[in-house]
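Subject: Structure for you, with notes

Hello,

Here is the structure I promised. Please open it alongside this email, and then read on for what turned up.

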Amino acid sequence: MELSDETKSKSNASFCSKSVFFKRAYGGSAKMRSNVSPLRFFVHLKQSAKSGDIFAFVNFAIVEMLLFKTLKACEEFSTKTILLAPLLAASRPYAPVPANISNTFEPSTNSPNDENTANRAASVAGRVASPFGEFSKIPLAYPAVILIFSYDMKILWVLSIFLLFVSVSLANETKHTLSLFIENDMYFSDRYYTNGLKLQYTNQADDFYTNALQFVLLDMFVSSANKQNKRFQSLSIGQSMYVPYEIEEVNPPKSERPYAGWLYVSASSHIVSQTSLDSLAITLGIVGRHSYAGDLQRWWHETGDFDTPLGWDNELKDEFGFVVSYKHSERVWRATMANSLEFDGVVSMSADLGNVITQGVLSGFVRLGYNLPWTFDFSRIDYTSSSDVAYKTSCERWHLFLQAGANARFVGYDISIDGSVFADSEYGVNSRWFVCEPIGAISARVNNFQIDFTVTYRTKEFTTQRNDYHMFWSCVFKYNF
């Protein structure tokens, strides 16, 4: 089946194109793979550049990548008859397949090549209770179905859907910021809070259904009489990773911080004026195996030839997590000095309440530089996602400034230290009630692109911690439009 030119041009902007993509994926022929051509790719790049919709183009590129990989897999495995999958096409005839092909079962009577191919499929259908070597009438599965829902492609689907949502929201002529947060302790150590990732989108509006409740609650405490107030909303997806002091121990001691991962989505609402910012966020996610933090660290360490983490089998059990967060910030002064240097100071207080973390935070910072943005926070991963909210932007096309400050955290409970709340887990230590975080940062922007780099020094977080501090860096890439 050949796609029309109109359908091809809209493959990045609608789910209809993805349904066509699924239909094409089942064929697996070289002719169909030829449709994913460099010419088509660059034509779409040119169209996206003219319209200014870079997110639509990135989404198109991801869908093309998924299409290419799926068609390639179909071509490679089209002659195999033993691939299994839980989702099967009812219109196809039944074909006998080995009933005990599995990564955990004993080898079957098939040839090694066929068995290796079957083991590459994420099959659950092969775990049926059938005698060794016998056959069961399970419908023939398609490689495309297996590949589409395999672990290594899930992140591409999530990113594609996220960018599609952002592209649709660009219809509003408002301020937008897309930020990628990367936090890691590389070059300092490889322990405790060792990695954080977050993709965050913020725009000046209040029309997301996911943020409606937060705005209702904010309006109860923030005066709506001030017509100078502006409303922003943020959506984000992120992952945090925690490990003990020594990652090469298969069974870390019970006195150590447990292995833990936290995968989450968040919706934040903000009301900002020239001198204050109020943010309210709801964060939902999962702690445990299905945060995929262990998979990510093992892959990264294998790719980069780092020490292999051996203790992820002892990570905290799966547990649903939630955090409700509120932050109030005040700009206490702002002044212009000699040589057009600007100087300002911001203080804030916040509270996080949930089974993942319960804490209160007091913070403050000062900034010195040129063309300071009217923002209220450090560019780091936090629960309120308020770092991209600016009351107004500078008329200049660039900025450069230094930032220094500190957080004082009053911790009631931290699941990554104290252990599971509802799930049954044998690991967990006692968190310290007070943690101090001196922070230093530098920020630079040219036109729409901005990069922020931050270093955090964190004092002891739990009573049996071996060293007195932990350090990590944050690097944030932002696109403002």
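How much space lies in the largest cavity? About 650 Å³. Keep in mind that this is a predicted model.

**The cavity**

By the rule used here, there are two cavities of 30 Å³ or more. The largest one has a lining of 36 residues. Nearest its centre lie Gln359, Arg380, Ile381, Asp382 and Tyr383. Several elements each give two or more residues to that lining: the strands β5 (230–243), β6 (260–272), β9 (342–354), β10 (357–370) and β11 (398–414), plus the helix α11 (415–418). The lining is mixed in character. It divides into 15 nonpolar, nine polar and twelve charged residues.

**How far to trust it**

The mean pLDDT of the chain is 77. Of its residues, 63% reach 70 or more. Two stretches need care. Residues 77–149 have a pLDDT below 50, yet this stretch has 113 contacts in the model beyond near neighbours in sequence. Residues 169–173 are also below 50, with nine such contacts.

**The chain overall**

The chain has 481 residues, and buried residues make up 50% of them. Its secondary structure comes to eleven helices and 14 strands. Take the contacts with a separation of 6 or more: 73% of them come from residues 24 or more positions apart.

**Two helices with a buried side**

Start with α9, residues 212–221. Which of its residues are buried? They are Gln214, Phe215 and Leu218. These cover an arc of only 95° around the axis, so they sit on the same side of α9. They pack against β5, β6, β7 (276–287) and β8 (319–336).

Now α10, residues 293–303. Its buried residues are Ala293, Gly294, Gln297 and His301. They too cover an arc of only 95° around the axis, which puts them on the same side of α10. Their cover includes β4 (192–203), β5 and β6. The face turned away from the buried side carries Trp299, Glu302 and Thr303, which are exposed.

So β5 and β6 come up three times in these notes: they give residues to the lining of the largest cavity, they pack against the buried residues of α9, and they help cover those of α10.

**Backbone points to check**

Most residues other than glycine have a negative phi. Three residues here have a positive one. Asp305, just after α10, takes a phi of about 60°.

Ser385 has a phi near 55°. It lies in the loop between β10 and β11. Is Ser385 buried or exposed? Ser385 counts as buried, because its relative accessibility is 1% and the cut-off is under 20%.

Asn447 has a positive phi of about 55° and is not a glycine. It lies in the loop between β12 (434–446) and β13 (449–459). At 36% relative accessibility, Asn447 counts as partly exposed.

**Where to look first**

I would open the view at Gln359 and Tyr383, which are among the residues nearest the centre of the largest cavity. Then turn to the buried sides of α9 and α10. Leave residues 77–149 for later, given their pLDDT below 50.

Best wishes

Note on methods. Residues numbered from 1 in each chain as written. Predicted model: local features only at pLDDT ≥ 70, side-chain atom pairs only at ≥ 80, totals over all residues. Heavy atoms only, no water. 1 Å grid on protein atoms, 1.4 Å probe; cavity = no way out; pocket = protein on both sides within 12 Å on 5 of 7 lines; lining within 4 Å. Points joined across faces, edges and corners; volume = space filled by probe spheres on them. Helix = DSSP H or I, 4+ residues; strand = E, 2+ residues; numbered from the N terminus. Nonpolar A, V, L, I, M, F, W, Y, C, P; charged D, E, K, R; others polar. pLDDT = per-residue confidence, 0-100. Contact = heavy atoms within 4.5 Å. Buried < 20%, exposed > 50% of the residue type's maximum accessible area, 1.4 Å probe, protein only. Arc of directions from axis to C-beta.
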